[in-house]
Amino acid sequence: MKRIDKLLAAMTIEEKIGQLSMAAGEFIVTGPVLAGEVAEGVRAGRIGNLLNLRGAEEARAIQRVAVEESRLKIPLLIGFDVLHGHNTIFPIPLAEAALFDPHFWELSARAAAIEAAADGIAMTFAPMLDIARDPRWGRIAEGPGEDPWVAARFAEAKVRGFQGSNLAAADAIAATAKHFCAYGAALAGRDYASADVSERLLHEIYLPPFAAAIAAGCAAIMPGFNDLNGVPMTAHVPLLRDWLRRQHGFEGVIISDYNAIAELLNHGVAADLAEAAAAALQAGVDIDMMSDAYRQGLPTALVRGLVAMDQIDGSVRRVLALKERLGLFDDPFRRGASQPRDPREATVRRELARDIARRAIVVLTNDGVLPFSRELRRIALIGPLADAGAEMRGPWPAAGDADDCVTVLQALTEALPNAEIVFERGVGIEDDDVSGIAPALAVCRGADLVLLCLGEAAAMSGEAASRANPDLPGHQAELAQAVLDQGKPTVALVFSGRPLIIPMLVERARAVVAAWFLGAEAGHAVADVLTGAFNPTGRLPVTWPRHIGQVPIFYAERPTGRPAGANELYASKYLDMPTEPLFPFGHGLSYSRFALANLRASSESFWLGDEIIVTVDVFNEGPVAGEETLFLFARDMVASVARPLLELKGVAKIALRAGESGIVQFPLPVRSLRFLDVTLRPRLEPGEFRLSVGPSADPRRHLTIALCALPD
């Protein structure tokens, strides 16, 4: 810390505030503001951090300005949105969550870190850990879905992958957990809108993934754009300063989202930039991304007495400490010094992208038409997503090249050399031209099978991409109806960054597949699953509604005093549709058939400090080898606070050959069965718990046992 102490003592107020300011290194629009005169600002010490600059030569050039031409020679921190790959684009995070496998989550983050670091990047604005239960919200694509237990495991894996075992290593980048907190609870699914959640929901659902990220050593935290119960997160003292810093001991950097500090004026909690800057700094925000509020507002705030110099020094110290942890003082050019050494490593990353992509695919329905028969001679490939490489990248494609993405058309032609693949676009994703429907129908008439490739454009998910009606956009439903009317065996591939409202496809197509946005190897991954070269393993990390009127929808509801019943009028249900979703959390089909039996636990009673081992027998009764994913749920039957009908406590996988059986075990620490009591303190109350295991959150497919918590 001697170096940091010396630098702080030597800094002018302008140079201190420069270390708390982040500007855009290129004219890349990620918000309403564009940066200019960056090099001069770096040279003068007014800018200490950059975003949206990539490329080894570009990074070295601007870093050289900082360490050779500025007065104090403090290296720059360069950040970039590396959400699901950098050069090699992996599936979007929501799709990757469908693996339910922290091992692969960590591997993809490690691969992305290697590529990003080679591009001169030292920080990623990821992982996004927002729990999302409303598919109208576009940023559901960027996170791990609806469940806090899954999101916590996702957080741990991504932090490990991005940061590695040594943050100073040349291939490590600082992870930024975002968006803190409850950003996914945006009103009506509208991005940037207010979030109004109870203290119980906040502490049970939205905060645990961030606690996991902090425990894993996450280097930075980014507050959300939203206000939470009336207090903008960028100025939220109880959560940023008290919960993060004091309660959880977070010593890393808090970095604002793009222009968020200046937007405190729009929120109506600051009258000018000085008040906005003071509010953010008082809450603990160290770096102002792109609003220029710190540079313009903090000097005035100091004069007015709104902030003190020791508060500024505290933030500067944290920023410099992160730069030191990243090894930037010792060698500011270690990232971007060279491209990854062995070209075979790029091939390995590409193979990993393909493996993760095919594992992310979720077969929603299948009446036996999948996998494709090798006897097929003519396949009609219809739809705007069949030959759309750029769309396969999804939102935030980083440095991925659209021309580098394998399309479904390319991959099927390669995978089925003896079949004739005839492609017709039919309609665009969202335009009004329907002249292509007739040619598409003509192609279908002579086909053995029709493959419909439908869904969203990549830009229809992600930031600022809320959709009031997340159904098939444009005239795609009209195209699908016309194709299905032909009576040909039809498989529907649905590409999206969110659950789509598709009951018509589910009712009429012989198979429906959630193909998400799968990245560079999308086409190959789809072909692997459709042809049976890979037995699908993907499971839904988020509930799929049958109608927008069911939103928000999730599996972990609390019981009501009037549960839905077929013959009960005064019950918690709809008059015009079922309460059940189109597909539950965890749903996903395999080409195998698995059966469960003999659910048991290592003890029928337990105390707080115990660990229970829950065991179940699994049988592959299907014709091919496959992998089953099983979920362990718990329910506290009687408690002082009503508990959810199901709470996820573990996930396990087992691979079995056809006709083979095996055993799956879930270690269950009893501490994980605690709940927050009326004072929001963790508590285990004595009484009955029911544990259930099944392939999804559908209780009709569960095996269940009862255990007893004993009083202390």
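## Salt bridges, fold and backbone of a predicted model

Trainee: How many salt bridges does the structure hold?
Mentor: This is a predicted model. A salt bridge needs a side-chain nitrogen of Lys or Arg within 4 Å of a carboxyl oxygen of Asp or Glu. The structure's count of salt bridges is 48.

Trainee: Where do R245 and D286 sit in the chain, and how many residues apart are they?
Mentor: Their side chains meet in a salt bridge, 2.8 Å from N to O. R245 belongs to helix α10, residues 237-247. D286 lies in the loop between α12 (273-283) and β10 (288-289). The pair links distant parts of the chain, and the separation is 41 residues.

Trainee: Is D286 buried or exposed?
Mentor: Buried means under 20% relative accessible area. Its partner R245 counts as buried, because its relative accessibility is 14%. D286 has a relative accessible area of 0%, so it is buried.

Trainee: Which helices hold R354 and D528?
Mentor: The two side chains form a salt bridge at 2.9 Å, N to O. The pair links distant parts of the chain, 174 residues apart. R354 is in α15 (residues 343-360), and D528 is in α21 (residues 522-530).

Trainee: Is D528 buried or partly exposed?
Mentor: The cut-off for buried is under 20% relative accessible area. R354 has 27%, so it is partly exposed. D528 has 7%, so D528 is buried.

Trainee: What is the N to O distance between E688 and R690?
Mentor: E688 is partly exposed, with a relative accessible area of 34%. R690 is also partly exposed, at 39% relative accessibility. Their side chains meet in a salt bridge, and the N to O distance is 3.0 Å.

Trainee: Which residues do salt bridges with shared partners join into one network?
Mentor: R354 and D528 meet in a salt bridge. Both belong to the network. Its full membership is R354, D355, R358, R359, D528, E627 and K653.

Trainee: What radius of gyration does the protein chain have?
Mentor: The chain has 712 residues, so a compact globule would have a radius near 27 Å. The C-alpha atoms fill a box of roughly 75 × 65 × 45 Å along the principal axes. The chain's radius of gyration agrees with the globule value: 26 Å.

Trainee: What share of the residues is buried?
Mentor: The chain comes to 21 helices and 26 strands. Take its contacts between residues at least 6 apart in sequence: 78% join residues at least 24 apart. About 26,400 Å² is exposed, and carbon and sulfur atoms supply 50% of that area. Of the 712 residues, the buried share is 60%.

Trainee: How far apart are the centres of the positive and negative side chains?
Mentor: There are 69 positive side chains and 88 negative ones. The centres of the two sets lie apart by 4 Å.

Trainee: Which peptide bond is cis with omega near 0 degrees?
Mentor: The bond from L370 to P371 is cis, but its omega is near -5 degrees. P371 is in the loop between β11 (362-366) and β12 (378-382). P552 lies in the loop between α21 and β17 (594-601). The cis bond with omega near 0 degrees runs from V551 to P552.

Trainee: Where is N229, which has a positive phi without being a glycine?
Mentor: Its phi is about 55 degrees. N229 is partly exposed, with a relative accessible area of 37%. Its place is the loop between β7 (227-228) and β8 (231-232).

Technical notes: Residues are numbered from 1 along each chain as its sequence is written. This is a predicted model: local features need pLDDT of at least 70, side-chain atom pairs count only at pLDDT 80 or more; totals for chains, interfaces and linings use all residues. Side-chain values use heavy atoms; hydrogens and water are left out. Helices (H or I, at least four residues) and strands (E, at least two) are DSSP runs, numbered from the N terminus. The radius of gyration is taken over C-alpha atoms; the globule rule is 2.2 Å times the number of residues to the power 0.38. Buried means under 20% relative accessible area, exposed over 50%, partly exposed in between (1.4 Å probe, protein chains only). Contact means heavy atoms within 4.5 Å. Accessible areas come from the Shrake-Rupley method with a 1.4 Å probe; for residues, only the protein chains shown count as cover. Lys and Arg count as positive and Asp and Glu as negative; His and the chain ends are not counted. The place of a charge is taken as NZ of Lys, CZ of Arg, CG of Asp or CD of Glu.
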